[in-house]
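Here is a friendly tour of a structure, arranged by topic so that you can keep the 3D view open and follow along. Have a look first, and then read on.

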Amino acid sequence: MTQPATDRWIRPLLLLGLGLLTAAGLIVGPALSTSAQDPDQNIRFFRIGTGTTGGTYFPIGGIIANAISNPPGSPPCDRGGSCGVPGLIAVAQASSGSVENIDNIAAGAIESGLSQSDVTYWAHTGTGLYEGQEPMEDLRAIAKLYMELIHIVVPADSDIETVADLRGKRVSLGDQGSGTLLDMRLILDAYGLSEEDIQPVYERPEPSAEMMLNGEIDAFGFVGGAPVLAVEDLARRMDIRLLPFTDEATVELIAEQPFFAPARLDGGVYEGVDSLTTIAVGALWVTSAEIDADLIEGVTRALWHPTTRTLLENGHPRGREIMLESAVTGVPIPFHEGALRYYEEVGAIGGSDVVDPPLE
């Protein structure tokens with residue numbers, strides 16, 4: 001019997017609660033400048049900015065937070081206890097997504113966050129969305145986690161077959177401050193459209209799904225690792241389709257925006273939705289160069305501990321894609337010194353291979 005979606009997110013939701021307490025200032029975040037490997041140190045908190053509760057960042061962030069945590073008093077790793085960083089309590093915080101997470105990292109409001117590779121690159125270089133702003137040169141990567149698929153959802157009986165057919169339609173493009181909104185604008189532009197050519201709505205995936213169920217919108221977009229919970233739940237309540245990306249406009253889009261890559265959605269991921277070709281961007285776990293290198297080395301080591309593999313595989317379908325072999329590829333910013341130490345130690349990366357060639 002399929003486990004209810006709500007049950008699958010209980011642990012991340014509990015982690016969210018602690019994260020919100022931290023964000024509200026009810027828990028004072030400690031200094032992060034001591035060694036991550038000292039078991040006698042005080043409790044330290046490590047915040048991970050995620051995304052909306054109906055997306056993929058939120059549950060994945062919760063799983064990672066659980067994996068890297070090792071509160072004082074926990075049984076030793078070799079005795080079935082936590083294999084995270086000694087003394088560390090990681091908390092997953094909900095947010096609007098990539099842009100908010102990047103901005104919060106730069107402001108020192110959180111220690112790390114999940115972000116799309118395109119948004120991360122623009123912020124680091126002061127280009128794209130961040131054109132005219134001071135480059136956030138202190139942004140550093142911990143790992144690439146998985147590929148995020150572009151979802152454009154329509155009712156199954158809709159006359160919308162391609163992005164070009166969105167002209168004049170009521171379309172939710174994602175909430176303000178999200179990476180989804182930025183990518184949807186690029187996608188519309190590739191098909192000769194702008195927000196003036198549609199009836200735009202700016203909502204998160206959860207309210208967008210409810211609006212589609214109620215007939216209030218014709219389509220909505222979201223960027224996330226499949227299955228996205230909001231889309232998964234909607235597919236159980238009504239018949240839906242996802243738009244494919246297989247035409248010449250897609251080829252030109254990938255050529256102009258190389259952080260996009262072709263991707264495949266398997267049939268059956270969403271109830272009633274057949275396999276199709278789409279596009280995707282990488283999901284990165286990023287931090288600041290200001291965060292202590294010993295701490296980030298410990299966090300990286302905990303991420304790739306064998307016990308974390310079990311948590312990821314059992315916790316979310318995208319967790320199976322989070323692999324050491326792909327963690328250092330397609331990363332358009334430098335790795336944090338601490339993460340780099342670990343990757344060099346295990347032979348996953350060479351000292352000169354800190355970052356992929358810059359995206360142009």
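Phe259 counts as buried, because its relative accessibility is 9% and the cut-off for burial is under 20%. Please keep in mind that this is a predicted model. The ring partner of Phe259 is a good place to begin, and the salt bridges, the disulfide, a cis peptide bond and the largest pocket come after it.

**Aromatic pairs**

- How many aromatic pairs are there? The count comes to five.
- One of them brings Trp122 and Phe259 together edge-to-face, with 5.2 Å from centre to centre and 90° between the planes.
- These two rings come from distant parts of the chain, 137 residues apart: Trp122 sits in helix α5 (residues 117-125), and Phe259 in the loop between α9 (248-256) and β9.
- Trp122 is buried as well, since its relative accessible area of 8% is under the 20% limit.
- Phe260 joins Trp122 and Phe259 in one aromatic cluster.
- Phe335 and Tyr343 make another edge-to-face pair, at 5.4 Å centre to centre and 70° between the planes.
- Are Phe335 and Tyr343 buried or exposed? Both Phe335 and Tyr343 are buried.

**Salt bridges**

- The whole structure holds 17 salt bridges.
- Arg167 and Asp197 meet through their side chains at 3.5 Å, N to O.
- This pair links distant parts of the chain, 30 residues apart, with Arg167 in the loop between β4 and β5 (170-172) and Asp197 in the loop between α6 (179-190) and β6 (199-201).
- Arg167 is partly exposed at 49% relative accessible area, and Asp197 is partly exposed at 24%.
- A salt bridge also forms between Glu206 and Arg204, whose closest N and O atoms are 2.9 Å apart.
- Glu206 is buried, with a relative accessible area of 18%, whereas Arg204 counts as partly exposed at 34%.
- Glu210 and Arg237 form a salt bridge too, with 2.5 Å between the closest N and O atoms.
- Which parts does that pair tie together? Glu210 belongs to helix α7 (residues 205-213) and Arg237 to helix α8 (residues 229-237), so the bridge ties together parts that are 27 residues apart in sequence.
- Both ends are partly exposed: Glu210 has a relative accessibility of 32%, and Arg237 has 47%.
- A network of salt bridges links Asp294, Glu297, Arg301, Glu337, Arg341 and Glu345.

**Disulfide**

- The structure has one disulfide, and it joins Cys77 to Cys83 with an S to S distance of 1.9 Å.
- The link of Cys77 and Cys83 is right-handed, with 80° about the S-S bond.
- Which side of the burial cut-off does each cysteine fall on? Cys77 is partly exposed, because its relative accessible area is 32%, while Cys83 is buried at 11%.

**A cis peptide bond**

- Most peptide bonds are trans.
- Here, a cis peptide bond joins Ala226 and Pro227, with omega at about 5°.
- Pro227 is found in the loop between β7 (219-224) and α8.

**The largest pocket**

- The largest pocket has a volume of about 410 Å³.
- Which residues are closest to the centre of this pocket? Of the 20 residues in its lining, the closest to the centre are Ala226, Pro227, Pro317, Arg318 and Arg320.
- Ala226 and Pro227 thus turn up in two places, at the cis peptide bond and among the residues closest to the pocket centre.
- Two or more lining residues come from each of β4 (139-155), β9 (261-265) and α11 (306-315).
- β9 gives the largest share of the lining, three residues.
- By residue type, the lining divides into eight nonpolar, five polar and seven charged residues.

Technical notes: Residues numbered from 1 in each chain as written. Heavy atoms only, no water. 1 Å grid on protein atoms, 1.4 Å probe; cavity = no way out; pocket = protein on both sides within 12 Å on 5 of 7 lines; lining within 4 Å. Points joined across faces, edges and corners; volume = space filled by probe spheres on them. Helix = DSSP H or I, 4+ residues; strand = E, 2+ residues; numbered from the N terminus. Nonpolar A, V, L, I, M, F, W, Y, C, P; charged D, E, K, R; others polar. Salt bridge = Lys/Arg side-chain N within 4 Å of Asp/Glu carboxyl O. Buried < 20%, exposed > 50% of the residue type's maximum accessible area, 1.4 Å probe, protein only. Phe/Tyr/Trp six-rings, centres within 6.5 Å; stacked < 30°, edge-to-face > 60°. Disulfide = S-S within 2.5 Å.
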